[in-house]
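Student: I'd like a close look at one part of this protein, namely how its charged side chains pair up. Could you walk me through that slowly, residue by residue?

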Amino acid sequence: MYHLISKLKCFKISLKFSHSHLEIILILAFYLNRNTLRIIKRDLVNDTIENFDLDGEYNLSDAHNSISIGYDRNKRIHLSYDHHSSKLRYRRSLKPKSIDDWTSEIPMTFSNEIKVTYPSFILPKSNAPLMMLYRDGSWKSGTAFLKWYDEHLQKWVDCPNVILS
């Protein structure tokens, strides 16, 4: 697998679940080619590996188009990918810890999601929910925004203040 990953233009290893001492899961996502985003889930305790391919059109010519993976406190996986001053591309898993059943591409809040670059999930800690930090706009006139995910309502909420402009 290392040989395959070393030849890829864009990939990102992201998160680890540690739900209990008996469970450690690693999620990996990368662009296999211009039409395939591959997601791999490895259970490090049971030594099992699953993979799932999201078909689509992905721009491999620009390193800005990285993949960001996050999870909420209900263990649903969130995926944002293929951005460089472009419309938000976001999905979330329909079942906790599942990589084989996803929403279609959906907006988070419909606000400030037209020219997205550098999306990064901030993983939940204690009482803090999953958050998304990103830039909307161009390099000369972009603004950093923060959103947070409400697990009970299963929806994103815009933080009221601009982070950086």
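Tutor: Here is a walk through the salt bridges, taken in two stops.

Keep in mind that this is a predicted model. The structure holds nine salt bridges, and we'll look at some of them along with the residues around them.

Let's start with D82. You'll find D82 in the loop between β6 (77–81) and β7 (90–92). Is D82 buried or exposed? Its relative accessibility is 8%, and the cut-off for buried is under 20%, so D82 counts as buried. Setting aside neighbours within four places in sequence, D82 is in contact with Y31, E57, Y58, N59, N65, S66 and R89. Take Y58 from that list: Y58 and D82 are 24 residues apart in sequence, yet their C-alpha atoms sit 6.2 Å apart in space.

Which side chains does D82 reach with polar contacts? One is N65, with a polar contact of 3.3 Å between the two side chains. Another is R89, where the side-chain polar contact is 2.5 Å.

Now follow R89 onwards. The R89 side chain also meets that of E105 in a salt bridge, at 2.8 Å from N to O. E105 lies in the loop between β7 and β8 (116–122), while R89 lies in the loop between β6 and β7, so this pair ties together parts that are 16 residues apart in sequence. As for the surroundings, R89 has a relative accessible area of 16%, so R89 is buried. E105, at 34%, is partly exposed. Put the pieces together and D82, R89 and E105 are linked in a network of salt bridges.

The second stop is K147. This lysine is found in strand β10, and what is its relative accessibility? The value is 0%, so K147 counts as buried. Leaving out neighbours within four places in sequence, the contacts of K147 include M108, T109, S111, L130, M131, M132, W156, V157 and C159. The charged residues E113 and D158 are on that contact list too, as is Y134.

Look at E113 next. The side chains of K147 and E113 meet in a salt bridge of 3.1 Å, N to O. E113 lies in the loop between β7 and β8 and K147 in strand β10, so the pair ties together parts that are 34 residues apart in sequence. E113 is buried as well, with a relative accessible area of 7%. The K147 side chain also makes a polar contact of 3.4 Å with the side chain of Y134.

Then there's D158. Its side chain meets that of K147 in a salt bridge at 2.5 Å, N to O. K147 sits in strand β10 and D158 in strand β11, eleven residues apart, and the pair links distant parts of the chain. D158 is partly exposed, with a relative accessible area of 29%.

That pair also has a backbone side to it. D158 is the bridge partner of K147 in β11. Strands β10 (residues 143–150) and β11 (residues 155–158) run antiparallel and are joined by four bridges. The two strands form a hairpin with four residues between them, and Q154 in the turn has a positive phi of about 55°.

So, to wrap up the K147 stop: K147 forms salt bridges with E113 and with D158.

Methods
Residues are numbered from 1 along each chain as its sequence is written. This is a predicted model: local features need pLDDT of at least 70, side-chain atom pairs count only at pLDDT 80 or more; totals for chains, interfaces and linings use all residues. Side-chain values use heavy atoms; hydrogens and water are left out. Buried means under 20% relative accessible area, exposed over 50%, partly exposed in between (1.4 Å probe, protein chains only). Contact means heavy atoms within 4.5 Å. A polar contact is a pair of N or O atoms within 3.5 Å; within protein, one must be able to donate a hydrogen and the other to accept it, and residues adjacent in sequence count only if both atoms are side-chain atoms. Two strands pair if DSSP finds at least two bridges between them. A salt bridge is a side-chain nitrogen of Lys or Arg within 4 Å of a carboxyl oxygen of Asp or Glu.
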